[in-house]
Amino acid sequence: MKYEIHPDYLKYKAFLLTCINHFDTQGKPFGNQKRNTLKVFQVDGLTLNIKSFKVPNIFNQIAYKFLRKSKAQRSFEYACKLQNLKVGTPQPVAYFENASFWLFKKSFYVSEQLECDLTYRDLVHNFSYPDFETILREFTRFTYSLHEKGVIFLDHSPGNTLIKKEKSGYSFYLVDLNRMQFGKPDFETRMKNFARLSKHKHMVEIMSDEYAKCIAANRDKVFERMWFYVQDFQKKHLRKQALKKKIKR
């Protein structure tokens with residue numbers, strides 16, 4: 001087994017190995033289990049969130065074994081990098097990988113459980129959510145700060161930002177970190193980064209207005225490009241869904 005444990009959590013090495021080795025029979029299931037398996041484990045007053053990535057297809061088993069870093073390793077390394085950049089994300093603890101001589105098998109990413117008040121998805125489904133516009137504008141400024149720090153979160157989608165209410169406003173934390181790019185994005189890349197967040201025009205109007213303020217740009221221009229990428233993503237998404245239905249028949 002290949003693994004790396006954050007220096008602050010090395011004292012829990014034996015406990016973490018036990019969690020991984022007995023993952024199927026121990027721990028408490030948590031959250032969405034559709035794509036991967038999430039469980040929480042308790043130790044010394046800490047709640048640890050362990051994400052078990054499903055075994056990839058045969059081509060990716062070869063790729064992850066010899067050519068690419070696993071999702072678990074990338075999640076851990078990106079979380080550490082985000083922390084160095086002072087970007088919110090649950091505290092990274094460790095990652096673990098199982099592999100045979102030729103093929104990659106299962107991998108696990110461990111972080112501290114972060115209790116939140118809502119996710120961005122709550123705004124998409126409830127336009128009457130308290131402080132709706134305030135949260136949306138603060139989230140837009142958070143995204144702007146990511147871009148300024150050279151972070152392009154490729155999975156910037158409704159379920160992947162946890163939100164906590166603080167005395168002075170709201171704090172934002174990124175999860176599902178295995179797809180990221182780093183480097184100062186140009187204007188089009190910034191606009192495209194909003195494509196998956198909401199199909200609702202009034203939400204895009206608010207976000208584009210706030211982002212235009214952040215970059216001192218024309219509000220109409222920012223909205224036009226942001227809305228273009230939202231619509232483009234929706235068209236591709238609908239085509240993909242239609243194709244899946246045809247295949248299932």
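**Strands, a pocket and one serine**

Colleague: What makes strand β7 (residues 118-119) and strand β9 (residues 161-166) a pair?
Modeller: They are joined antiparallel by two bridges, and because two strands pair if DSSP finds at least two bridges between them, the requirement is met. One position to look at is T119, which stands opposite L162 in β9. Strands here are DSSP runs of E with at least two residues, helices are runs of H or I with at least four, and both are numbered from the N terminus. The model is predicted, so that local features need pLDDT of at least 70 and side-chain atom pairs pLDDT 80 or more, whereas totals for chains, interfaces and linings use all residues. Residues are numbered from 1 along each chain as its sequence is written, and side-chain values use heavy atoms, with hydrogens and water left out.

Colleague: Which strands stand at the edges of the sheet that holds β9?
Modeller: The order of this open, antiparallel, three-stranded sheet is β7-β9-β10, and its edge strands are β7 and β10, since each pairs on one side only. Six bridges join β9 to β10, and the two form a hairpin with two residues between them; within it, I163 has F172 as its bridge partner, while L162 stands opposite Y173.

Colleague: How do you know that helix α5 lies across that sheet, and what angle does α5 make with β10?
Modeller: Helix α5 (residues 132-148) lies across β7, β9 and β10, where contact means heavy atoms within 4.5 Å. The angle to β10 is about 50°, taken between N-to-C directions on a scale from 0 to 180 degrees, with axes fitted to C-alpha atoms and, for helices, over the stretch in contact.

Colleague: Why is the approach of S171 to E166 called a polar contact?
Modeller: The side chains of S171 and E166 come to 3.1 Å, and therefore fall under the limit for a pair of N or O atoms, within 3.5 Å, of which one must be able to donate a hydrogen and the other to accept it (residues adjacent in sequence count only if both atoms are side-chain atoms). S171 itself lies in strand β10 (residues 169-174), and leaving aside residues up to four places away in sequence, S171 touches L162, I163, K164 and E166.

Colleague: What makes the second largest pocket a pocket, and what is its volume?
Modeller: On a 1 Å grid over the protein atoms alone, a pocket is an open set of points with protein on both sides within 12 Å along at least five of seven lines, whereas a cavity is a set where a 1.4 Å probe fits but cannot get out. The volume here is about 350 Å³, meaning the space filled by probe spheres set on the points, which are joined across faces, edges and corners.

Colleague: Which residues are closest to the centre of that pocket, and which element gives the most to its lining?
Modeller: There are 15 lining residues, and L154, K192, A195, R196 and F233 are the closest to the centre; a lining residue has an atom within 4 Å of a point. β8 (151-153), α6 (187-192) and α8 (219-248) each give two or more residues, and α8 gives the most, with four.
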